[in-house]
Amino acid sequence: TSNNQLKEEFSRANQKLEQLSSKHNRIEDDISEKILANCNLHQAHNKELSNLKFDMLKMKDKWELAFYKLKQDIEEANKREQDEKVNKSNSANEDLAAKMIN
C-alpha cells in the first residue's frame with residue numbers, strides 16, 4: 001500500500017504541477033498582452049506627439065511669415081508717410097522760393 005500511496009502522492013503532485021504550470025502560462029500570456037498593449041499605446045502616443053510637433057512647426061512658420069509681412073507693410077507705410085512729408089516740405093519750399101523770387 002505504501003507503493004500505492006506514493007503513486008497517489010506523485011499523481012497529486014504532478015496534477016498540482018500541471019495546474020501551477022497552466023497558471024504560470026496564463027500569467028505570462030497576460031503580461032505579454034499588457035506589454036504589447038503598452039507598446040502600442042506608447043507608439044501611438046509618440047506618433048501623436050510627432051504630429052503635434054510637425055503642426056507646431058508649420059504654425060511657427062506661418063506666424064513668422066505673417067510677422068515678416070506685417071513688418072514689411074509697416075516699414076512701407078512709414079516710408080510712404082515719410083515720402084509724403086518730404087514731398088509736402090519740398091512743395092512748400094518751392095512755393096516759398098517762387099514767392100520770394102516774384
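Is Lys-34 buried or exposed? Lys-34 is exposed, with a relative accessible area of 54%. That takes it past the cut-off, since a residue counts as exposed when its relative accessible area is over 50%. Keep in mind that this is a predicted model.

## The overall shape

Let's step back to the whole chain. The secondary structure is quickly told: 1 helix and 0 strands. That helix, H1, covers residues 2-101, in a protein of 102 residues.

The C-alpha trace spans about 150 × 10 × 5 Å along its principal axes. The radius of gyration is 43 Å, whereas a compact globule of 102 residues would come in near 13 Å. For a feel of how the chain stretches out, take Ala-66 and Asn-25: they sit 41 residues apart in sequence, and their C-alpha atoms are 61 Å apart in space. Ala-66 belongs to helix H1 and is partly exposed, at 39% relative accessible area.

What share of the 102 residues is buried? The answer is 0%. A residue has to fall under 20% relative accessible area to count as buried. In total the protein exposes about 10,100 Å², and carbon and sulfur atoms supply 57% of that area.

## Charges and salt bridges

The protein carries 18 positive and 19 negative charges, and the mean positions of the two sets are 2 Å apart. Side chains of opposite charge can pair when their charged atoms come close. How many salt bridges does a search of the whole structure find? It finds 6 salt bridges, among them the pairs in this table.

| Salt bridge | N to O distance | Spacing in helix H1 |
|---|---|---|
| Glu-8 and Arg-12 | 3.8 Å | 4 residues |
| Asp-30 and Lys-34 | 3.3 Å | 4 residues |
| Asp-55 and Lys-58 | 4.0 Å | 3 residues |

Start with Glu-8 and Arg-12. Both lie in helix H1, with about one turn of the helix between them, and their side chains meet in a salt bridge. Glu-8 is partly exposed at 46% relative accessibility, and Arg-12 is partly exposed too, at 48%.

Next come Asp-30 and our opening residue, Lys-34. Their closest N and O atoms are 3.3 Å apart. Because the two residues are 4 apart in helix H1, about one helical turn separates them. Asp-30 is partly exposed, with a relative accessible area of 35%, while Lys-34 reaches 54% and counts as exposed.

Then there's Asp-55 with Lys-58, whose side chains meet at 4.0 Å, N to O. Here the spacing is 3 residues in helix H1, so the partners are again separated by about one helical turn. Asp-55 counts as partly exposed at 37% relative accessibility, and Lys-58 counts as partly exposed at 41%.

## A nonpolar patch

Not everything on the surface is about charge. Which residues form a nonpolar patch there? Ile-27, Ile-31 and Ile-35 do, with about 280 Å² of accessible area together. Ile-31 is placed in helix H1. Its relative accessibility is 46%, so Ile-31 counts as partly exposed.

## Putting it together

So what do you see on screen? A predicted model with 1 helix and 0 strands, and a C-alpha trace about 150 × 10 × 5 Å along its principal axes. Buried residues make up 0% of the chain. The surface features include a patch formed by Ile-27, Ile-31 and Ile-35, and salt bridges including the one between Asp-30 and Lys-34.

Definitions and conventions
Residues are numbered from 1 along each chain as its sequence is written. This is a predicted model: local features need pLDDT of at least 70, side-chain atom pairs count only at pLDDT 80 or more; totals for chains, interfaces and linings use all residues. Side-chain values use heavy atoms; hydrogens and water are left out. Patches are made of residues with over 30% relative accessible area and no salt bridge: like charges are joined within 9 Å, nonpolar side chains (Val, Leu, Ile, Met, Phe, Trp, Tyr) within 5 Å. Accessible areas come from the Shrake-Rupley method with a 1.4 Å probe; for residues, only the protein chains shown count as cover. Buried means under 20% relative accessible area, exposed over 50%, partly exposed in between (1.4 Å probe, protein chains only). The radius of gyration is taken over C-alpha atoms; the globule rule is 2.2 Å times the number of residues to the power 0.38. Lys and Arg count as positive and Asp and Glu as negative; His and the chain ends are not counted. The place of a charge is taken as NZ of Lys, CZ of Arg, CG of Asp or CD of Glu.
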